[in-house]
Amino acid sequence: MIPLSFAQRRMWVLHQLEGGSENWNMAAAFRLTGSLDEAALAAAIRDVVGRHEILRTVYVTDDDGEPRQRILPPAQAAPRVPAVEVAPEDVSGAIDEAIAHRFDLAAEIPLRASLLRCSPREHVLVLVVHHIATDGSSGAPLVRDLTAAYTARRDGRAPEWEPLPVQYKDYTMWQREVLGDPADPGSLAATQVEYWRKELAGCRSR
């Protein structure tokens, strides 16, 4: 299995310490007006999860207690997109409830989607992604791919896009190769840590 990137490892440690807190959820709610093909939307979300491996990755520990990435096949990771009837005055509370989900990173993919039906022509799509799988720069490509996939599915076809040339696992392995093992005193990672340890020696937090 694949090791975690250093950023993922920090998030994984925080997740263990906080007991699966919702503090690290990143969420967006989209108000959809007009005719909506709910089946096409659900298929489009599955398409996006299938396209981006990081959205179908779970984080398990090996026999030595080390966390590892395990990328699930698209069919196994396909998320459900439950649709619920919600009165307009209850939308805010329903969004808050969806955002408060506590992910089990070892057992479920780090993305959840839910659709709130406010009226036949008013819906709210809520997407919640754990920070271990996304950051502030990820929203634009996610919305772009979801829009393209929904347009295709609504027209009765699969989205036509080229496979991504790089997935997050590739970045992880590149980072490990460049920085090396922090436990190795000769590695770049250990050298950088030692540099900052000396630079910050004697400093106190306020």
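This short presentation describes the fold of one protein chain and then two of its helices, α4 and α6.

Good morning, colleagues. Please bear in mind throughout that the structure shown is a predicted model.

I begin with the chain as a whole. It contains seven helices and seven strands. Followed along the sequence, these elements come in the order β-α-β-α-β-β-α-β-α-β-β-α-α-α. The pattern therefore opens with a strand and closes with three helices in succession, by the DSSP assignment. Along the principal axes, the C-alpha atoms occupy a box of roughly 60 × 40 × 30 Å.

How much of the chain is buried? The chain has 206 residues, and 39% of them count as buried. As for the surface, the chain exposes about 12,200 Å², of which carbon and sulfur atoms supply 52%. Among contacts with a separation of 6 or more, 71% are between residues 24 or more positions apart. Turning to charge, there are 23 positive and 29 negative charges, and their mean positions lie 2 Å apart.

Let us now consider helix α4, which spans residues 91-99. Its buried residues are Val91, Ala94, Ile95 and Ala98. Why may we speak of one buried face here? Viewed down the axis of α4, these residues fall within an arc of 100°, and so they line one face of the helix. Their packing partners are three strands: β2, residues 25-33; β6, residues 111-119; and β7, residues 122-130.

My second example is helix α6, residues 168-179. This helix has 12 residues and reaches 16 Å from its first C-alpha to its last, close to the 16 Å expected at 1.5 Å a residue. Which of its residues are buried? They are Thr172, Gln175 and Leu179. Seen down the axis of α6, they fall within an arc of 65°, so these residues too line one face of their helix. On the other side of α6, Trp174 and Glu177 are exposed.

What does the buried side of α6 pack against? The partners are two strands, β1 at residues 2-3 and β4 at residues 67-71, together with two helices, α1 at residues 6-18 and α7 at residues 188-199. Just after α6 comes Gly180, which takes a positive phi of about 75°.

To summarise, the buried residues of α4 pack against β2, β6 and β7, whereas those of α6 pack against β1, α1, β4 and α7. Thank you for your attention.

Conventions
Residues are numbered from 1 along each chain as its sequence is written. This is a predicted model: local features need pLDDT of at least 70, side-chain atom pairs count only at pLDDT 80 or more; totals for chains, interfaces and linings use all residues. Side-chain values use heavy atoms; hydrogens and water are left out. Helices (H or I, at least four residues) and strands (E, at least two) are DSSP runs, numbered from the N terminus. Buried means under 20% relative accessible area, exposed over 50%, partly exposed in between (1.4 Å probe, protein chains only). Contact means heavy atoms within 4.5 Å. Accessible areas come from the Shrake-Rupley method with a 1.4 Å probe; for residues, only the protein chains shown count as cover. Lys and Arg count as positive and Asp and Glu as negative; His and the chain ends are not counted. The place of a charge is taken as NZ of Lys, CZ of Arg, CG of Asp or CD of Glu. The arc is that of the directions from the helix axis to the C-beta atoms. The expected span of a helix is 1.5 Å times one less than its number of residues.
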